[in-house]
Amino acid sequence: MACFDEQTIIRLLTGELESGQADAVLRHMESCSRCAELYNRYNHIGNMISTREMLSPPRGLARSIIASVSRSKAGNNALLPLPWIRPAAAFAIGAALFAAGLHTGRFVSRMNAPVTRQTTAQPSVNSYLVNTQMMLLEYTNITPQQYTGSTNDTVSLETAMHILEKTRVVRELVEPDDRELRSLLTEIEHFMEEIIISRQGGSEELEGRVRREIAEQQILLRLGRFIS
Amino acid sequence: MADKTQKWVAQAVRGSDRAFNRLIKAFSPMVFSIAVDLTANVEDARDISQETFFRAYRNIGSFKGTSRFSTWLYRIAYNCSIDFIRKNRGRYVPIDEKTLTASHPGRENQHTAHSRKLEKALGNLSEKQKTAVVLFYYHGLPLTEIGEILSCSHSTARVHLFRGLKNLKKYFGKYMEG
């Protein structure tokens, strides 16, 4: 009996052959070492893939996605929903800016001082790291000696959100090769998201766990290494 | 699981955030797995997973239920991964073994030379071939579903799978001979 082509053998493995045809191929392989070897090779490859080791998802992946989607929802809700409101809002904002301009002009001329233009500066990596360290110190009550375990509510939800936004920006600024810092930033991002979720959900248990984990992972110590 | 998924999808289509969060919890590992397979980079796969669920959330209203929710979602994940790779083609460098072990302390023992070879062999396949092979063998999806994820017919999905397997055989043949 003539040998089967490779596609037929693969189709046998993928379970796509009719039972009659599958039997014929199997019978043929009993007496044909070439086809049997081909079958075994493909079977081996299939087994390797089905039992391969996959990278497990990062810790807290689902939580971080939920937090991101929640933020995007909040962003969408902040948009003005009705088209007719937009011109009205634009007019109101324009009027407010005009009034503010007049007021500032008067104020500045009275003070006879130069006007300093405010810009929204991108954070430098160092200033971001220092701010984040301070915020985490405050949040966790970690003294240089030890983690006290007591709670501290002075860190607001807004601070955590602010740090989270900055973490994303800073991650873009860090060189791709600086894997240690990038990995630390990912962890910080994760912790910020957990802080936000626990604050929003009012979950003291989760919040306690987040604090403990920040201490256990030595986030403050590791952050310190990158601060110049 | 299938019943629960259907229930959550129906609730999410009607606007339930809670149901959508449950879908995120249930499907994020698989979405991550598709992304990490294509990018070979944990950070990028994480970003792609987020983008996938953003897109799913924005478009859940258009999900008609003609295919399974998972198929619809994995298709988004695949497209997000491909978009990401195209956008970053210049800078894109898949993670190497050193980084894999560095970002996963304790992996050194698990990650054998054998599986390194397999990952390298999979890395030589085209995106479609690799996805077809992994979805078929690792995730156990049927070819019809793989076709829907890759936006092609069932028979084209089979061609990607066959070519992928042939290329793997060729690679391992060389490896065994060399």
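Biologist: Which residues touch the most other members of the largest nonpolar core?
Modeller: Happy to start there, keeping in mind that this is a predicted model. The core holds 86 residues. Those that touch the most other members are Ala35(B), Leu73(B), Ala77(B), Val133(B) and Ile146(B).

Biologist: And which helix of chain B gives the most to this core?
Modeller: The helix in question spans residues 17-39 and gives 10 residues to the core. Its name is H2 of chain B.

Biologist: Which residues does Ala77(B) touch, not counting those up to four places away in sequence?
Modeller: Ala77(B) is one of the residues that touch the most other core members. Leaving out residues up to four places away in sequence, its partners are Val31(B), Ile34(B), Ala35(B) and Thr52(B).

Biologist: Let's turn to chain A. Why are the buried residues of H9(A) on the same side of the helix?
Modeller: Good one! In H9(A), which covers residues 204-216, the buried residues are Val210(A), Arg211(A) and Ile214(A). They lie on the same side because they cover an arc around the axis of only 95 degrees.

Biologist: Which exposed residues does the face turned away from the buried side of H9(A) carry?
Modeller: The buried residues of H9(A) pack against H6, H8 and H10 of chain A. The face turned away from that buried side carries Glu205(A) and Glu216(A).

Biologist: Finally, how many nonpolar residues does the side of chain A that touches chain B have?
Modeller: Across the interface, 26 residues of chain A are in contact with 32 of chain B. H1, H3, H4 and H8 of chain A each supply at least two residues of chain A's side. By class, that side has 5 charged and 7 polar residues, and its nonpolar residues number 14.

Methods
Residues are numbered from 1 along each chain as its sequence is written. Chains are lettered from A and ligands numbered from 1 in the order in which they are written. This is a predicted model: local features need pLDDT of at least 70, side-chain atom pairs count only at pLDDT 80 or more; totals for chains, interfaces and linings use all residues. A nonpolar core is a set of buried Ala, Val, Leu, Ile, Met, Phe, Trp, Tyr and Cys residues joined through C-beta atoms within 7 Å. A residue is buried if 20 or more other C-beta atoms lie within 10 Å of its own, exposed if 12 or fewer, and partly exposed in between; C-beta atoms are placed from the backbone. Helices (H or I, at least four residues) and strands (E, at least two) are DSSP runs, numbered from the N terminus. Two residues are in contact if their C-beta atoms, placed from the backbone, lie within 7 Å. The expected span of a helix is 1.5 Å times one less than its number of residues. The arc is that of the directions from the helix axis to the C-beta atoms. Ala, Val, Leu, Ile, Met, Phe, Trp, Tyr, Cys and Pro count as nonpolar, Asp, Glu, Lys and Arg as charged, and the others, Gly among them, as polar.
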